[in-house]
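Let's take a walk through this structure together, one stop at a time. Have the sequence and the 3D view open, and follow along as we go.

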Amino acid sequence: MPQGSDGFSTRAIHDGERKDPTTGALNTPIYATATFAFDTAREKEAAVDAALEWEPGAFFYSRTGNPTTAAFEAKMASLEGAEDCVASSAGMASVAAALLSVLDAGDHCIASDDLFIITRFLLDDVLASKGITVDHVDITDHAAVEAAIRPNTKVLFVEALSNPHMRFADIPALADLAHGHGLVLIVDNTFLSPYLLRPVELGADIVVHAATKYIGGHGDVVAGTAAGSKARVDRMRYYLDSFGGALSVFNSWLLLRGVKTLQMRMRVHSANGLAVAEYLQSRPEVEVVNYPGLASHAQHDLAARTLADGFGGMLSLRFHAGERGMEAFCEGLRLSAIAVSLGDLHSLAYPMPKRNSLVRLSVGCEDVDDLLEDYERGIAAVAAL
Ligand SMILES: *Cc1c(COP(=O)(O)O)cnc(C)c1O
C-alpha cells in the first residue's frame with residue numbers, strides 16, 4: 001500500500017487505486033453504469049443517505065458518484081496534498097462550483113485582472129446577473145488587493161500563473177491577506193499542475209484545475225477538478241450534483257491513465273519551455289517573452305523559490321510587428337498546431353488578436369531540437385515580413 005511519505009510519481013501511479021476486488025484486475029475498471037442495485041429496500045435507503053452525505057465509497061447513481069471517478073478523485077486529492085477532491089465535466093464546472101459554493105447574492109469577489117476568458121464571462125456576466133459583484137485587480141499588487149476588500153467580500157480568485165500574461169501569484173502572501181479579512185482563496189492552477197505547485201499546501205482554500213490540460217495531458221478529454229478540505233469539497237459535490245456536472249466514467253478512466261505520467265511530462269514541458277523561452281527572447285523580432293523561468297520576468301525570483309521543479313511549458317510572446325508578426329509566426333510553424341487549449345504532449349500555438357496580438361505557446365513534449373528548429377521557422381517567417 002502507498003504511504004503518505006511516498007514521492008509524487010509513486011502517488012500518481014498508486015494512490016486512489018487498488019486491485020479490483022472481484023477479478024483482481026490491476027487497473028481500475030471503467031464502471032460503465034448509471035445506477036447501482038441493492039438486495040433490499042433498506043440497503044438502498046442507507047446507500048442513498050450515505051452518498052448524499054458524501055461518504056466515500058457510497059454509490060447509488062453515477063451523477064452523484066461512481067467508483068472509477070472516485071478513484072481519480074482520491075488520486076488527485078493525494079497529488080494536491082488536500083483532504084478531498086471532486087472531479088467534474090469541465091474545468092469551467094469546477095470553477096463555477098468553487099465560486100458558487102462560497103458566493104451568495106449580495107456578495108463580492110476580488111479576482112485577478114488577467115484571467116482565462118470564460119472565467120471572466122462567468123464572473124462579469126453570469127454571476128453578476130445573479131447579484132454577485134466582482135472587482136478585477138492586479139494580484140501581484142497586494143496593496144491593491146487589500147484596498148479592493150469590502151465588508152461583503154467573500155472570495156479572492158487568482159490563477160497561480162495567469163492567462164495570458166503569465167503573472168505568478170504569491171500564494172502564501174495572498175492566503176495570509178485573504179484569511180486576515182475572512183476571505184476564501186480560490187486558486188486556478190491549470191497552467192502549472194500539482195507537480196509544480198500545490199496551492200492547498202501553501203494556504204489556498206480551494207484549488208481548481210482544467211484537468212483537460214496537464215492532468216489529462218494527452219488532449220483527449222475535457223474535465224475539471226476542485227480540491228480542498230472535505231467540508232469545502234462536500235459543498236462543491238452538492239452544487240455539482242445539482243448542476244449535473246458529473247464527469248463521464250470513460251473520461252475518469254482516461255484521466256486516471258494520463259495523470260500517472262504527470263511528473264515525467266512536466267519535467268519535459270519545463271525543460272522544453274525554458275529552452276524555447278530563452279531562444280525566443282534572444283531574437284530581435286520579439287518584443288517580449290512572458291515566462292516565469294526567465295530572469296526578465298517580474299516574479300522570477302518568487303517563482304524560482306516557490307515552484308518544485310521547473311517553470312512549466314506555458315509562455316506568451318509579442319512581436320515588434322504586432323498582429324502581422326503573430327500571424328506569420330503561427331502560420332510558419334510545422335509542429336505546433338494553431339489551436340486553443342494547452343498542456344497537450346503536442347505543441348500548440350494560440351494567436352490572440354484581441355489580447356494585444358500575443359501568441360500563447362503551450363510547449364509540448366516533442367524533442368527539443370525539433371521544437372527549436374520549428375520556432376526558428378516561425379521566426380524566419382516574421383523576419384521575412
Ligand atoms: C481551459 C481553462 C479553464 C477551463 O477548463 P475547461 O476544461 O475548458 O472547461 C479554466 N481555467 C484555465 C486557466 C484554463 O486554461
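In this predicted model, a good place to start is the meeting of two helices: Met92, Val95, Ala96, Leu99 and Leu100 of H4 touch Ile118, Thr119, Leu122, Leu123 and Leu127 of H5. Sorted by class, the residues of this contact are 9 nonpolar and 1 polar, with no charged ones. H5 covers residues 117–127, and its axis comes within 10 Å of the axis of H4, crossing at roughly 45°. Angles from 35 to 65 degrees count as oblique, so H4 and H5 are oblique to each other. The crossing itself is right-handed.

A second pair of helices makes a useful companion to the first. Find H11, residues 262–281, and H14, residues 368–383: they pack with their axes 10 Å apart, at an angle of about 30°. Because angles under 35 degrees count as roughly parallel, H11 is described as roughly parallel to H14. This crossing is right-handed. On the H11 side, the contact is made by Asn272, Ala275, Val276, Tyr279 and Leu280. H14 brings Val368, Leu371, Leu372, Tyr375, Glu376 and Ile379. By class, the contact of H11 with H14 holds 9 nonpolar residues, 1 polar and 1 charged.

Now move to helix H9, which runs over residues 230–243. How far apart should its ends be? With 14 residues at 1.5 Å a residue, H9 should span 20 Å, and its end C-alpha atoms are indeed 20 Å apart, so expectation and model agree. Look next at which of its residues are hidden: Val233, Asp234, Met236, Arg237, Tyr239, Leu240 and Asp241 are buried. Several elements cover these buried residues, including the helices H2 (41–52), H3 (67–80) and H4 (91–100). Strands take part too, among them S1 (84–88), S6 (206–210) and S7 (224–228). Just after H9 comes Gly244, with a positive phi near 75°.

H3 is worth another look, as Glu80 belongs to this helix. Is Glu80 buried or exposed? Its relative accessibility is 0%, so Glu80 counts as buried. Apart from its neighbours within four places in sequence, Glu80 is in contact with Pro194, Arg198, Val200, Glu201, Val207, His209, Thr225 and Ala227. Pro199 also makes a nice example of how the chain folds back on itself in space: Glu80 and Pro199 are 119 residues apart in sequence, yet their C-alpha atoms are 7.8 Å apart.

Finally, visit two loops with some special backbone geometry. In the loop between strand S4 (153–159) and helix H7 (171–180) you will find Pro164. A cis peptide bond joins Asn163 to Pro164, with omega at about -5°. Met166 sits in the loop between S4 and H7 as well. Although Met166 is not a glycine, its phi is positive, at about 60°. With a relative accessibility of 0%, Met166 counts as buried.

The other loop connects strand S11 (348–352) with strand S12 (358–362), and Ser357 lies in it. Here, too, a residue other than glycine has a positive phi: the value for Ser357 is near 60°. Since buried means under 20% relative accessible area, Ser357 counts as buried at 9%.

Technical notes: Residues are numbered from 1 along each chain as its sequence is written. This is a predicted model: local features need pLDDT of at least 70, side-chain atom pairs count only at pLDDT 80 or more; totals for chains, interfaces and linings use all residues. Side-chain values use heavy atoms; hydrogens and water are left out. Helices (H or I, at least four residues) and strands (E, at least two) are DSSP runs, numbered from the N terminus. The expected span of a helix is 1.5 Å times one less than its number of residues. Buried means under 20% relative accessible area, exposed over 50%, partly exposed in between (1.4 Å probe, protein chains only). Contact means heavy atoms within 4.5 Å. Axes are lines fitted to C-alpha atoms, for helices over the stretch in contact, and angles run from 0 to 180 degrees between N-to-C directions. Angles under 35 degrees count as roughly parallel, over 145 as roughly antiparallel, 65 to 115 as roughly perpendicular and the rest as oblique. A crossing is left-handed if the near helix is turned anticlockwise from the far one by less than a right angle, and right-handed if clockwise. Ala, Val, Leu, Ile, Met, Phe, Trp, Tyr, Cys and Pro count as nonpolar, Asp, Glu, Lys and Arg as charged, and the others, Gly among them, as polar.
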